[in-house]
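Subject: A structure for you to explore

Hello,

Here is the structure I promised to pass on to you. Have a look at it first, and then read my notes underneath.

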Amino acid sequence: RVNIQKAHAHYTRALTYAEKIKDKHAKEEMKAGMLFGQADLYRIEGNYAEALRLVTESKEIYEKLGDQEERLVKSYSQLGRIFVGLNELQKAEDTFHAGFSAAHQLRRRDEMGKNLLGLGDVFLKSKEYAIAIENLYEALEIFNDLEMKQEAKEAKDLRAQAEVAIRQSEA
C-alpha cells in the first residue's frame with residue numbers, strides 16, 4: 001500500500017529539485033511528470049478537484065513542449081478516472097473514447113486497455129450492463145496479454161458486478 005503522505009512529500013521535494021534544472025525543456029518535462037504523479041495521488045485520496053487541476057496543468061505543459069504524444073496518451077485514462085470520481089460520466093465517457101482512439105493510433109495496448117476499463121466502469125455506473133461487459137471483456141483480454149495483473153483483476157471484478165446487475169435487471 002502506498003503511503004500517501006510520504007509520496008506527497010517526495011513529489012514536493014522533487015518539484016523543488018526540478019526547479020534547479022538549467023535546461024528549460026528538461027525542467028518542464030520533469031515538472032509535467034511530477035504534476036501527473038501528484039494528480040494520481042489526489043485521485044487515489046478522492047480529492048478529484050485537485051487531481052483535475054494538476055493533470056490539466058501537466059497536460060498543458062506536455063502540449064506546449066510538443067512531441068509528447070507517448071506521455072499525453074496516458075493523461076486520457078487518468079482524466080477519465082477523475083471525471084468518474086467527480087460523477088461527470090458523460091465527460092468521462094468522451095475522455096475514455098478519445099483516449100482509446102489516441103492509444104490505438106500509437107499502438108499503446110496498455111492505454112487502450114485502461115480506457116476500455118474506464119468505459120466499462122462508466123457503462124456499469126450508467127446501468128448499460130451489456131456494453132459495460134463488452135468493454136471490460138476487451139480490457140481483460142489486453143491486460144492478460146500484457147500481464148497487467150492489477151488491471152486485469154479490476155476488469156474481472158467490474159465485469160462480475162455488471163454480470164450480477166444484468167441478471168438482477170432481467171429477473
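**What I found**

Let's begin with Leu-117, which touches Leu-136, Ala-139, Phe-143, Glu-154, Ala-155 and Leu-158, leaving out residues up to four places away in sequence. Please keep in mind throughout that this is a predicted model.

Leu-117 also belongs to the largest nonpolar core, a group of 42 residues. Together with Val-55, Ala-92, Phe-96, Val-122, Leu-124 and Phe-143, Leu-117 touches the most other members of that core. Which helices supply at least two residues each? They are α2 (24-45), α3 (48-65), α4 (69-85), α5 (89-105), α6 (109-125), α7 (129-145) and α8 (149-170). The largest share comes from α7, with eight residues. There is also a second, separate core of seven residues, including Tyr-11, Leu-15, Met-34 and Leu-41.

Ala-92 deserves a visit of its own. This residue sits in helix α5. Is Ala-92 buried or exposed? Its relative accessibility is 0%, so Ala-92 counts as buried, the cut-off being under 20%. Apart from neighbours within four places in sequence, Ala-92 is in contact with Gly-80, Phe-83, Val-84 and Val-122. Try finding Gly-118 as well: it is 26 residues from Ala-92 along the chain, and their C-alpha atoms are separated by 7.9 Å.

For another pair, look at Ala-26 and Ala-9, which are 17 residues apart in sequence and 22 Å apart in space, C-alpha to C-alpha. Ala-26 is in helix α2. With a relative accessibility of 29%, Ala-26 counts as partly exposed, because that value lies between the 20% and 50% cut-offs.

Now for the loops. Both Arg-107 and Arg-108 lie in the loop between α5 and α6. Which of them is buried, and which is exposed? Arg-107 is exposed, with a relative accessible area of 71%, whereas Arg-108 is buried, with 17%. Beyond its neighbours within four places in sequence, Arg-108 is in contact with Glu-70, Val-73, Lys-74 and Ala-103.

The backbone at Arg-107 is worth a look too. Most residues other than glycine have a negative phi. Arg-107, however, has a positive phi near 55°. Glu-147 is another non-glycine residue with a positive phi, about 55°. You will find Glu-147 in the loop between α7 and α8, where its relative accessibility of 62% makes it count as exposed.

Next, the largest pocket. Its volume is about 580 Å³, and 18 residues line it. Which residues lie nearest its centre? They are Asp-40, Arg-43, Arg-81, Gln-150 and Glu-154. Helices α2, α4, α6 and α8 give two or more residues to the lining, and α4 gives the most, with six. You have already met Glu-154, as one of the residues that Leu-117 touches.

Finally, a word on rings. How many aromatic pairs does the structure hold? The number is zero. One ring does have a charged partner, though: the charged end of Lys-59 sits over the ring of Tyr-76, 5.6 Å from its centre.

Enjoy exploring, and write to me if anything is unclear.

Best wishes

Definitions and conventions
Residues are numbered from 1 along each chain as its sequence is written. This is a predicted model: local features need pLDDT of at least 70, side-chain atom pairs count only at pLDDT 80 or more; totals for chains, interfaces and linings use all residues. Side-chain values use heavy atoms; hydrogens and water are left out. A nonpolar core is a set of buried Ala, Val, Leu, Ile, Met, Phe, Trp, Tyr and Cys residues joined through side-chain atoms within 4.5 Å. Buried means under 20% relative accessible area, exposed over 50%, partly exposed in between (1.4 Å probe, protein chains only). Helices (H or I, at least four residues) and strands (E, at least two) are DSSP runs, numbered from the N terminus. Contact means heavy atoms within 4.5 Å. Rings of Phe, Tyr and Trp (its six-membered ring) pair if their centres lie within 6.5 Å; planes under 30 degrees apart count as stacked, over 60 as edge-to-face and the rest as tilted. A charge sits over a ring if NZ of Lys or CZ of Arg is within 6 Å of the ring centre and within 35 degrees of the ring normal. On a 1 Å grid over the protein atoms alone, a cavity is a set of points where a 1.4 Å probe fits but cannot get out, and a pocket is an open set with protein on both sides within 12 Å along at least five of seven lines; lining residues have an atom within 4 Å of a point. Grid points are joined across faces, edges and corners, and a volume is the space filled by probe spheres set on the points.
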